[in-house]
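Here is a short tour for someone meeting this structure for the first time. Keep the 3D view open as you read.

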Amino acid sequence: MKDDDKLKEMTLVFYKDDVEQIEKLLAEFLRLSKAKSAILVDKGGYFITKQGQMGSYNTDTISALVAGSFAATKEMAKILGQEEFSVLYHQGAHDNIQLTLIGERTILAVIFDNTTTLGMVRLYVSEVAKKMNTVYENIKKRKEQPKETISKDFGKDAGAKLDDIFDEK
């Protein structure tokens, strides 16, 4: 199976209720960890949702860069004999960012400063990841449910009923 096909197969479709549930989890994560912001990004670089103080950050740009960083690091991991790294950390003079793979398809970018520690962020990311994976499993189950389809004889049956109604034979 090609990578593009795998990516399509792993795609999650988020409905409004899913995003609201994820946003509540992220808000609780920020409260507990004391991080500044959390951005959930699809591995393809698409912004899903955010919580916290974003300042002047452009979420579309950050989303694309987060996905690009993960893709580049995945190639480094392969060179080192790993499938991929699940956590990346970048330390700055004022702000830091931790990128964590959540499930198979999303990346959680957490921006934090010196009001918290990397240990606190990692501890609470681990907890929120478990809860988000439960949300993702529910989405997958919904996706796998058989869809009702119209019978292939529907047109013929409907035509017969209309003929009966209008008394045409």
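## Helix H2 and what follows

Right after H2, Lys34 adopts a positive phi of about 70°. This is a predicted model, so keep that in mind as you look around.

Now step back along the chain to H2 itself, which runs over residues 16–33. The helix has 18 residues and spans 25 Å from its first C-alpha to its last, close to the 26 Å expected at 1.5 Å a residue. Its buried residues are Asp18, Val19, Ile22, Leu25, Leu26, Phe29, Leu30 and Ser33. They sit on the same side of H2, because together they take up an arc of only 140° around the axis. Flip to the other side of H2 and you'll find Lys16, Asp17, Lys24 and Arg31 exposed.

## The sheet

Next up is an open sheet of five strands, paired antiparallel in the order S2-S1-S5-S4-S3. Strand S2 (47–52) and strand S3 (87–91) are the edges, each pairing on one side only. On average, neighbouring strands here are turned by 15° against each other, direction ignored. H2 packs on this sheet, where it touches S1, S2 and S5, and its direction makes about 35° with that of S2.

Take a look at S1 (residues 37–42) and S5 (residues 106–112): this antiparallel pair is joined over six bridges. Within it, Val41 stands opposite Ile107 in S5.

## Salt bridges

How many salt bridges does the structure hold? There are nine. In one of them, the side chains of Arg105 and Asp42 meet at 2.9 Å, N to O. Arg105 is in the loop between strand S4 (96–102) and S5, while Asp42 is in strand S1, so this pair ties together parts that are 63 residues apart in sequence. Are the two partners buried or exposed? Arg105 is buried, with a relative accessible area of 7%, and Asp42 counts as buried too, at 11%.

Another salt bridge brings together the side chains of Glu84 and Lys43 (3.4 Å, N to O). Glu84 belongs to the loop between helix H3 (59–79) and S3, and Lys43 to the loop between S1 and S2, 41 residues apart. Lys43 is partly exposed, at 21% relative accessible area.

## A small network

Lys140 also forms a salt bridge, this time with Glu104, their closest N and O atoms being 4.0 Å apart. Lys140 is in helix H4 (residues 118–144) and Glu104 in the loop between S4 and S5, 36 residues apart. Lys140 is partly exposed at 28%, and Glu104 is partly exposed at 47%. Through shared partners, salt bridges join Glu104, Glu137 and Lys140 into one network.

Terms used
Residues are numbered from 1 along each chain as its sequence is written. This is a predicted model: local features need pLDDT of at least 70, side-chain atom pairs count only at pLDDT 80 or more; totals for chains, interfaces and linings use all residues. Side-chain values use heavy atoms; hydrogens and water are left out. Two strands pair if DSSP finds at least two bridges between them. Helices (H or I, at least four residues) and strands (E, at least two) are DSSP runs, numbered from the N terminus. Axes are lines fitted to C-alpha atoms, for helices over the stretch in contact, and angles run from 0 to 180 degrees between N-to-C directions. Contact means heavy atoms within 4.5 Å. The expected span of a helix is 1.5 Å times one less than its number of residues. Buried means under 20% relative accessible area, exposed over 50%, partly exposed in between (1.4 Å probe, protein chains only). The arc is that of the directions from the helix axis to the C-beta atoms.
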